[in-house]
Amino acid sequence: MIPHIKRLFELWQIAAHYRLDTLFPAEELPVKARHALNVIKTHPAAWSSREKKNPLKLKEALEDMGPLAIKLGQLLSTRRDLIPPEILSQLVLLQDRVKPFDVQLAKQRIQESLKADVSTLFSRFDEQPLAAASIAQVHTAALHDGREVVVKVTRPDIRNQILQDFEILAWLGDWLENRIEAARALHLSEIIQDYRQIILNELDLSLEADNTRRMRHYFTGSSMMYVPEVYMDSKDVMVAERITGVPISDTATFDRLGMDRADLAEKGLTIFFTQVFRDNFFHADMHPGNVFVETINPSNPRFIALDCAIMGELSKHDQMTIARMLLAVMNSNFMQLVQIVHQAGWIPPGTDQDALSREMRRTVGPMVSKPMDQLDFAGILIQVMDIARRFHLEIPPQLMLLLKTLVHVEGLGTDLYPQLDIWKLAKPILTEWVKANMNPVKNMKELGQQIPDLLLGAQDLPSLLIDSLNGLKNQSAWHDKQLKEIQQMRLQMQQQQRRSWVFGSSLLILLTIAIITPWFVSVVLIVLSSLLALWRVVK
């Protein structure tokens, strides 16, 4: 049963009120999408709507639909290669220009959360929000010692709506997995559940504060990126250092200040690979509202990381698998790529690896020698997903957050410096990382560091050994029992075959004699044959 029908009806009303069916020409859409838009037209709100010519109707509709819809708009806002300019101009506003909530309510949440009056906490508090997004809004303020800060406050009463929307998404994920093989290969339901937890964590600003401190530690003293300091935090409020910079999408300012956009793009990509492979802690919500660039030193600008609420981590095994896969692609060695995927356990037994290698070469091969402005990353990703469906590949859910981040990074890089050769830049970084992590000296050192834990666990070894031997003994007894039952079944089958042979031969002889002898003899023989058949059935 579809959950939260009332909520779905509310979303339908919003779509009808804003006439979202008029955003795209019907002839350019797939047939199923046209049918979905036609459903919007049937709502009475669409008949009387005046929003058909509203230039901001998509932005306002997504705002009314809630945080998850705003998140979707933020993701799409980085894809200038996929979204028409008139639509993109609305989505960009969702990065930090969502409708704010009342400032008095914001002050109340600050006072209740930090256990002090606003005047006690700050020498100045600016009531006009600096920015407002899906989960929170930001006010500028000053501490009593003169430090300029930003005060982030979560929106009230959005948790229940988020939970409802995820229950609808979970139902949709199950429905798709039961009908579409690609959804099963992606583990769509698990991805939805993982993302649900990520969004719920984003509601807790104390977690974001911890993430920010950790990221700041990794990049202390870095010439590539700066992470603001956190001064105070709670579940609903975070007070952090105010920075000076502009969003990464403000390329006009970069050009006006004479910044080297190519150098800036290389820094950005280096930061991404550093986060994924060196720190195993990467920013997974990199829309332009969360990535700024310093303007105080145009000759050597740094990136500024904001909103560290959604972060990603990979297992050591997945890190190595991804690095080796990327190197195999860069070297155009697609047979090795398939072997790496096979070793990772993502390919089911019996898969035609030669055919899979040819498909990957056909799909991914052309992108290796192209700059970013000629890459259709989203299109390639869709083709790779189709290959995964056809070859029944298993894609671990934890990698989907990384793929989402890659979509952001590639979109941002395309805007910043379209001619960037990401392969030339990434190859030495990945090669060095793989060499370092496959270094036997390093591996032995890591093993040596684990010796104390191994020694502490050695005291449990006798009991574990006894449990294992008992398990093997029980398993051996079970196997012996199964073997005896199989031998008994085999003996019974052999006896059955002998009886069947005797019966068939005897019956054939009796019937043959009955045909060539007088009738009274035949009657006797037929009776004997019937008794023989009865004996066969009984046995």
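In this predicted model, 38 residues line the largest cavity, and M325, L326, L381, L403 and L406 lie nearest its centre. Seven helices each give two or more residues to this lining: α14 (261–279), α15 (316–330), α16 (334–343), α17 (353–364), α18 (377–390), α19 (398–416) and α20 (422–437). The volume of the largest cavity is about 970 Å³. Its lining has 36 nonpolar residues. Two charged residues and no polar ones make up the rest. A search of the whole structure finds two cavities of 30 Å³ or more.

The second largest cavity holds about 230 Å³ of space. It is lined by 20 residues. Closest to its centre are I248, G268, M286, V291 and F303. Two or more lining residues come from each of α14, β11 (303–305) and α19. Helix α14 gives the largest share of this lining, six residues. By class, the lining of the second largest cavity has 16 nonpolar and four polar residues. No charged residue takes part in that lining. Helix α14 thus appears in the lining of the largest cavity and in that of the second largest cavity. Helix α19 likewise gives residues to the largest cavity and to the second largest cavity.

Helix α14 also holds T270. Outside its neighbours within four places in sequence, T270 is in contact with M224, L425 and I429. T270 and I429 are 159 residues apart in sequence. In space, their C-alpha atoms are 8.0 Å apart.

Pockets were examined as well. The second largest pocket has a volume of about 720 Å³. Its lining is made of 38 residues. A131, V138, V150, G289 and L306 lie nearest the centre of this pocket. The elements giving two or more residues to the lining are the helices α5 (67–76) and α12 (205–218), together with the strands β2 (131–132), β3 (136–142), β4 (148–154) and β7 (237–241). The lining of the second largest pocket divides into 18 nonpolar, ten polar and ten charged residues. Charged residues number two in the lining of the largest cavity, and none line the second largest cavity.

Helix α5, which gives residues to the second largest pocket, also packs against helix α4 (residues 57–65). The axes of α4 and α5 come within 6 Å and cross at roughly 140 degrees. That angle makes α4 oblique to α5. On the α4 side, the contact is made by L62, E63 and M65. On the α5 side, A69, I70 and G73 take part. The contact of α4 with α5 has four nonpolar residues, one polar and one charged.

Helix α4 is also tied to another part of the chain through a salt bridge. D64 in helix α4 pairs with K99, which sits in the loop between α6 (85–91) and α7 (103–114). The pair links distant parts of the chain, 35 residues apart. In this salt bridge, the closest N and O atoms of K99 and D64 are 3.3 Å apart. Across the whole structure, the search finds 25 salt bridges.

A second helix pair is formed by α9 (residues 159–177) and α11 (residues 188–202). Their axes come within 8 Å and cross at roughly 170 degrees. Helices α9 and α11 are therefore roughly antiparallel to each other. From α9, the contact involves R159, I162, L163, F166, L169, A170, G173, D174, L176 and E177. From α11, L188, S189, I192, Q193, Y195, R196, I199 and L200 take part. By class, the contact of α9 with α11 has eleven nonpolar, three polar and four charged residues. The α4 and α5 pair, by contrast, is oblique.

Technical notes: Residues numbered from 1 in each chain as written. Predicted model: local features only at pLDDT ≥ 70, side-chain atom pairs only at ≥ 80, totals over all residues. Heavy atoms only, no water. 1 Å grid on protein atoms, 1.4 Å probe; cavity = no way out; pocket = protein on both sides within 12 Å on 5 of 7 lines; lining within 4 Å. Points joined across faces, edges and corners; volume = space filled by probe spheres on them. Helix = DSSP H or I, 4+ residues; strand = E, 2+ residues; numbered from the N terminus. Nonpolar A, V, L, I, M, F, W, Y, C, P; charged D, E, K, R; others polar. Axes fitted to C-alpha atoms, helices over the stretch in contact; angles between N-to-C directions. Parallel < 35°, antiparallel > 145°, perpendicular 65-115°, else oblique. Contact = heavy atoms within 4.5 Å. Salt bridge = Lys/Arg side-chain N within 4 Å of Asp/Glu carboxyl O.
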